[in-house]
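Student: Before we look, I would like each descriptive word we use to be tied to a value and a cut-off. Could we work through the model in that way?

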Amino acid sequence: MITGPTGTGKTLLACATGVEAMLKGHSVLFYRMSDFISLIEAKNPVAFSRFKERLRKIELLILDDYGLETIHDKAVCALNEIADIRYGIGSTIITTQLKKKSLKM
């Protein structure tokens, strides 16, 4: 989790980490959180299952700008499923402008 206000370089740091991982031969996917949510909400159950399998194979997933918009229940469930299948398999970097106390960790 990379947190900080706008303009502090969160996305740059996440992308630099992704580039370094790719240079070392690791698979990396980058999504803006709003695009990622739209993508998973639009998928039917079969397509979502295939998408989860693709994400399982990715070694580093970068989700940029978490918390800028409200996430609906369907997307929250999907994000939890994705976190579950990636647990112990791949790394995930999430950038956010939210303060640590707002994340309810």
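Student: Why are α2 and α3 called oblique to each other?

Tutor: In this predicted model, α2 and α3 pack at an angle of about 135°, with their axes 9 Å apart. Angles over 145 degrees would count as roughly antiparallel and those from 65 to 115 as roughly perpendicular, and because about 135° falls in neither range, the pair is called oblique.

Student: Which residues make that contact, and of what class are they?

Tutor: From α2 come Phe36, Leu39 and Ile40, and they meet Phe48, Phe51 and Leu55 in α3. By class, the contact of α2 with α3 has 6 nonpolar residues, with no polar and no charged ones.

Student: What makes α2 and α4 perpendicular rather than oblique?

Tutor: Here the packing angle is about 95°, with the axes 10 Å apart. Since 65 to 115 degrees counts as roughly perpendicular, α2 is therefore described as roughly perpendicular to α4. On the α2 side the contact is made by Phe36, Ile37, Ile40 and Glu41, and on the α4 side by Lys74, Ala75, Ala78, Leu79 and Ile82. By class this contact has 7 nonpolar, no polar and 2 charged residues.

Student: Which residues touch the most other members of the largest nonpolar core?

Tutor: That core has 17 residues, and Tyr31, Phe36, Ile37, Ile40, Phe51 and Leu55 are the ones that touch the most other members. At least two core residues each are supplied by β2 (28-32), α2 (33-42), α3 (45-57), β3 (60-66) and α4 (73-86). Apart from this core lies another, of 6 residues, among them Ile2, Ala14, Ala21 and Ile62.

Student: What does Tyr31 touch?

Tutor: Leaving aside residues up to four places away in sequence, Tyr31 touches Phe36, Leu39, Phe51, Arg54, Leu61, Ile62, Leu63 and Asp64.

Student: How do you know that Ile62 is buried?

Tutor: The relative accessibility of Ile62 is 1%, and buried means under 20%, so Ile62 counts as buried. Ile62 has its place in strand β3, where it touches Ala14, Gly18, Val28, Leu29, Phe30, Tyr31 and Ile93, again not counting residues up to four places away in sequence.

Student: Asp64 is charged by class, so what makes you call it buried?

Tutor: The word rests on the area: Asp64 has a relative accessible area of 0%, which is under 20% and therefore meets the cut-off for buried. Asp64 is found in strand β3, and beyond residues up to four places away in sequence it touches Thr11, Phe30, Tyr31, Arg32, Met33 and Thr95.

Student: How do you know that Asp64 makes polar contacts with Thr11 and Arg32?

Tutor: The side chain of Asp64 comes to 2.7 Å from that of Thr11, and a polar contact of 2.7 Å also joins the side chains of Asp64 and Arg32. A polar contact requires N or O atoms within 3.5 Å, with one able to donate a hydrogen and the other to accept it.

Student: Why is Ser34 called partly exposed?

Tutor: Ser34, found in helix α2, has a relative accessibility of 29%. Buried would need a value under 20% and exposed one over 50%, so Ser34 falls in between and counts as partly exposed.

Student: What is notable about phi of Asp65?

Tutor: Asp65 lies in strand β3, and its phi is near 70°, a positive value in a residue other than glycine.

Methods: Residues are numbered from 1 along each chain as its sequence is written. This is a predicted model: local features need pLDDT of at least 70, side-chain atom pairs count only at pLDDT 80 or more; totals for chains, interfaces and linings use all residues. Side-chain values use heavy atoms; hydrogens and water are left out. A nonpolar core is a set of buried Ala, Val, Leu, Ile, Met, Phe, Trp, Tyr and Cys residues joined through side-chain atoms within 4.5 Å. Buried means under 20% relative accessible area, exposed over 50%, partly exposed in between (1.4 Å probe, protein chains only). Helices (H or I, at least four residues) and strands (E, at least two) are DSSP runs, numbered from the N terminus. Contact means heavy atoms within 4.5 Å. Axes are lines fitted to C-alpha atoms, for helices over the stretch in contact, and angles run from 0 to 180 degrees between N-to-C directions. Ala, Val, Leu, Ile, Met, Phe, Trp, Tyr, Cys and Pro count as nonpolar, Asp, Glu, Lys and Arg as charged, and the others, Gly among them, as polar. Angles under 35 degrees count as roughly parallel, over 145 as roughly antiparallel, 65 to 115 as roughly perpendicular and the rest as oblique.
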